[in-house]
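Trainee: I should be grateful for a close look at a single helix of this model, together with the sheet that accompanies it. Please take the helix and its contacts before turning to the strands.

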Amino acid sequence: MKIAFAGKGGSGKSTTSALFTRYMNAVQNRPVLAIDADVNMNLSGLLGVEVAMDKLMANPDVADVIRNYIKGTNARVADISKFLPTTPPGEGSNLVRSVDDAALAPYSVRINDAPSLNLMSVGTYDKDGIGQTCYHSHLFVAENLLSHIALENDNDWVVCDMVAGTDAFAYSMHLQFDAIVLIAEPTPESAEVCRLYMELARESGIDGLIHLVANKIEDESDIEFIVKATGMTPIAALPHTSALKKLRQRGDAISTDFVTGDMATAMEKIMLAASKPALSAQDRMAMLYALHTKLNEKKWVQQGYGDVMSQIDPDFKITKVA
Ligand SMILES: Nc1ncnc2c1ncn2[C@@H]1O[C@H](COP(=O)(O)OP(=O)(O)O)[C@@H](O)[C@H]1O
Ligand SMILES: [Mg+2]
């Protein structure tokens with residue numbers, strides 16, 4: 001399964017992503033690939049590792065390696081410079097079939113204290129200095145990789161700490177997951193982002209994939225506030241945990257000790273909700289085609305990429321291999 005954690009900056013995306021990663025790996029014994037796709041890279045620290053510059057997906061050399069691999073012999077993509085965020089897989093594409101796939105090894109970091117737990121970071125690598133490129137274009141390569149991850153085994157999990165706010169709707173990020181967990185803390189600002197996110201999700205037809213999770217909950221009135229302000233009912237509530245706050249102040253990682261008791265129960269609820277996706281991978285692929293078609297009409301695409309409609313392979317099926 002592929003799951004992402006989204007919401008306003010500061011609401012607890014990275015914390016919840018790290019907790020869920022640890023829970024799935026240590027408690028449920030699942031192989032997990034964690035992906036840090038937020039501009040503020042916190043997931044690596046919370047998992048206790050560092051991703052070197054030469055492994056960041058936004059590093060142009062790494063992006064080339066990724067695109068060369070997923071392109072495979074797909075003749076519909078003329079060359080790797082023609083990858084748009086919505087470029088779908090087609091005949092000849094190399095799909096990533098497991099989170100332990102050897103193709104991921106050059107740009108992922110193994111988390112040594114855990115079996116089958118790896119981390120990849122998008123990062124903000126920029127040769128020409130800060131502010132030269134927009135973070136969206138860094139995310140393109142992550143979108144390319146994610147659209148080519150078609151896991152063979154439902155035991156494998158991709159856990160993505162998503163870009164903050166509603167930026168996921170800029171291109172295709174919102175179409176890449178079986179579940180998107182929206183994190184709401186009991187503040188008007190966080191709730192407003194969730195409400196807006198859900199509105200965009202409805203417009204895009206992916207609202208069935210969204211699950212609200214309340215975070216930093218101190219009492220019942222916090223939950224009531226979130227329900228009222230978002231118009232949604234959370235599937236789980238994570239208590240305000242001062243040990244989590246202190247750990248972050250020290251710069252420490254989240255250990256498996258945190259995913260016991262009530263926290264484990266909440267993580268299990270998230271797992272169960274995400275395990276029954278309202279849309280299939282093929283449904284999401286159809287949405288990706290529609291978005292690609294829309295993007296094809298944009299002037300910057302026409303000018304920089306030419307006509308990209310032929311990148312869509314109408315007969316291609318992303319279904320599991322037998
Ligand atoms: N359940 C919680 N209890 C206490 N503090 C929390 C909790 N969840 C997150 N925090 C704290 O809130 C801050 C923001 O969390 P973070 O996960 O970095 O948010 P985001 O990734 O959404 O920006 C951090 O300092 C973190 O330690
Ligand atoms: Mg974060």
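Mentor: In this predicted model, α1 is mostly covered, with 13 of its 15 residues buried. The helix spans residues 13-27. From the first C-alpha to the last it reaches 20 Å, close to the 21 Å expected at 1.5 Å a residue. Just after α1, N29 adopts a positive phi of about 55 degrees.

A helix that packs against α1 is α8, residues 261-274. The two axes come within 10 Å and cross at roughly 85 degrees. An angle of 65 to 115 degrees counts as roughly perpendicular, and α1 and α8 are therefore roughly perpendicular to each other. On the α1 side, the contact is made by T16, L19, F20, Y23 and M24; α8 contributes M263, A264, M267, E268, I270 and M271. By character, the residues of this contact divide into nine nonpolar, one polar and one charged.

The sheet is open and consists of eight strands in the order β3-β4-β2-β5-β1-β6-β7-β8, with mixed pairing. Its edge strands are β3 (109-110) and β8 (236-239), each of which pairs on one side only.

At the β3 edge, two bridges join β3 to β4 (residues 117-121), and these strands run antiparallel. R110 has N118 of β4 as its bridge partner. The hairpin of β3 and β4 has six residues between the strands, and S116 takes a positive phi near 50 degrees there.

On β4, the pairing with β2 (residues 32-36) is parallel and extends over five bridges. Here L33 stands opposite N118, the residue that also partners R110. β4 is mostly covered: five of its five residues are buried. L117, L119 and S121 point one way from the strand, whereas N118 and M120 point the other way.

Helices also lie on this sheet. α6 (residues 220-230) lies across β6 (179-184), β7 (210-217) and β8, running at about 145 degrees to β7. α8 packs on the sheet as well, touching β1 (2-6), β5 (157-161), β6, β7 and β8. The direction of α8 makes about 150 degrees with that of β8; an angle over 145 counts as roughly antiparallel. Thus α8 touches strands of the sheet and also makes the contact with α1.

Methods: Residues numbered from 1 in each chain as written. Chains lettered and ligands numbered in written order. Predicted model: local features only at pLDDT ≥ 70, side-chain atom pairs only at ≥ 80, totals over all residues. Heavy atoms only, no water. Helix = DSSP H or I, 4+ residues; strand = E, 2+ residues; numbered from the N terminus. Expected span 1.5 Å × (residues − 1). Buried < 20%, exposed > 50% of the residue type's maximum accessible area, 1.4 Å probe, protein only. Axes fitted to C-alpha atoms, helices over the stretch in contact; angles between N-to-C directions. Parallel < 35°, antiparallel > 145°, perpendicular 65-115°, else oblique. Contact = heavy atoms within 4.5 Å. Nonpolar A, V, L, I, M, F, W, Y, C, P; charged D, E, K, R; others polar. Pairing = 2+ DSSP bridges.
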